[in-house]
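Visitor: I should be grateful for a close look at a single part of this structure, with its surroundings described alongside it. Please state the cut-offs behind each term as it arises.

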Amino acid sequence: MRTIVNSVLRLAQFFLILIATALLGNVRANSQHAAGTATAAINFSLFVCALAWLAVLYGLVANFVSAVAIPVVALALDGLSTLFTFIGAVVLSAKLTTVNCGNWGSRASDWIAFGSGNDHKRCREIQAGLVFMWFLFGTFAATLFFTFKEFRRSGGSVGRPSMSQIGV
């Protein structure tokens with residue numbers, strides 16, 4: 001049962017990261033006159049996507065090929081991916097600051113959605129990429145939990161020593 005849940009989570013991560021990378025990559029590719037802070041936020045989000053790709057692909061391979069599965073590596077990749085996905089989603093949320101792309105209001109000229117030929121489309125793509133980043137964070141948090149349990153089960157030393165480790 002544990003491997004089925006882990007497999008489903010890894011496949012969900014695969015599709016979520018695929019969509020998030022496509023959306024945010026399209027935003028980055030169509031940046032013509034975007035502000036430096038907007039470009040930096042999108043670049044960081046793409047870095048997070050690249051790190052998540054490494055974790056997802058390693059997790060999928062390790063899930064099906066037990067010879068490749070090293071619990072410490074899986075724990076490190078899942079931990080870093082969870083942390084950076086959360087940070088990336090918070091950064092995009094803070095830079096976007098809106099839930100309605102149809103109402104610009106009085107935005108500064110360095111707003112993240114400004115900087116392409118179609119600012120409305122850019123705003124919608126950032127919103128969609130942001131939603132997929134939050135879902136990706138949720139799946140990474142779940143796989144981090146299962147990876148940590150597997151790490152502890154395999155004899156990972158994260159606690160105090162047992163009696164057999166103490167020489168008397």
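Guide: The account below sets out the whole chain and then turns to helix α4 and its partners.

The model is a predicted one, in which local features need pLDDT of at least 70 and side-chain atom pairs count only at pLDDT 80 or more, while totals for chains, interfaces and linings use all residues. Residues are numbered from 1 along each chain as its sequence is written, and side-chain values use heavy atoms, with hydrogens and water left out.

The chain contains four helices and zero strands, in the order α-α-α-α along the sequence. Helices (H or I, at least four residues) and strands (E, at least two) are DSSP runs, numbered from the N terminus. Of the 168 residues, 38% are buried; buried means under 20% relative accessible area, exposed over 50%, and partly exposed in between, with a 1.4 Å probe and protein chains only. Among contacts (heavy atoms within 4.5 Å) between residues at least 6 apart in sequence, 73% link residues at least 24 apart.

The UniProt record, an unreviewed entry, assigns "transmembrane region" to residues 39-61, 68-94 and 126-148. UniProt positions are given in the numbering used here, feature names are shortened, and annotations may be inferred rather than shown by experiment. In the model, residues 39-61 are 100% helix, with end C-alpha atoms 33 Å apart. Residues 68-94 are 89% helix and 0% strand, and their end C-alpha atoms lie 38 Å apart.

Helix α4 (119-153) is one of the elements that give two or more residues to the largest nonpolar core, the others being α1 (2-29), α2 (36-64) and α3 (71-96). Such a core is a set of buried Ala, Val, Leu, Ile, Met, Phe, Trp, Tyr and Cys residues joined through side-chain atoms within 4.5 Å. This core has 32 residues, and the ones touching the most other members are Ile42, Leu92, Leu96, Ile112 and Ile126. Helix α2 supplies the largest share, twelve residues. Beyond its neighbours within four places in sequence, Ile126 contacts Val27, Ile42, Leu92, Leu96, Ile112 and Ala113.

The pairing of α4 with α2 can be described in detail. Their axes come within 12 Å and cross at roughly 35°; axes are lines fitted to C-alpha atoms, for helices over the stretch in contact, and angles run from 0 to 180 degrees between N-to-C directions. The crossing is left-handed, a term used if the near helix is turned anticlockwise from the far one by less than a right angle, with right-handed used if clockwise. On the α4 side, Arg122, Ile126, Met133, Leu136 and Phe140 meet Ala38, Ile42, Val48, Cys49, Ala52, Ala55 and Val56 of α2. The residues of this contact comprise eleven nonpolar, no polar and one charged. Here Ala, Val, Leu, Ile, Met, Phe, Trp, Tyr, Cys and Pro count as nonpolar, Asp, Glu, Lys and Arg as charged, and the others, Gly among them, as polar.

Individual positions complete the picture of α4. Lys121, in this helix, is partly exposed because its relative accessibility is 38%. Apart from neighbours within four places in sequence, Lys121 contacts Asn26 and Asn30. The C-alpha atom of Lys121 lies 8.6 Å from that of Cys101, 20 residues away in sequence. Ala141 also belongs to α4 and is partly exposed, at 32% relative accessibility. Between Ala141 and Phe86, 55 residues apart in sequence, the C-alpha distance is 9.5 Å. Phe151, likewise in α4, counts as buried because its relative accessibility is 9%. The C-alpha atoms of Phe151 and Ala74 are 8.7 Å apart, although 77 residues separate them along the chain.

For the partner helix, Leu57 of α2 is partly exposed at 42% relative accessibility. Its C-alpha atom is 9.6 Å from that of Leu11, 46 residues away along the chain.
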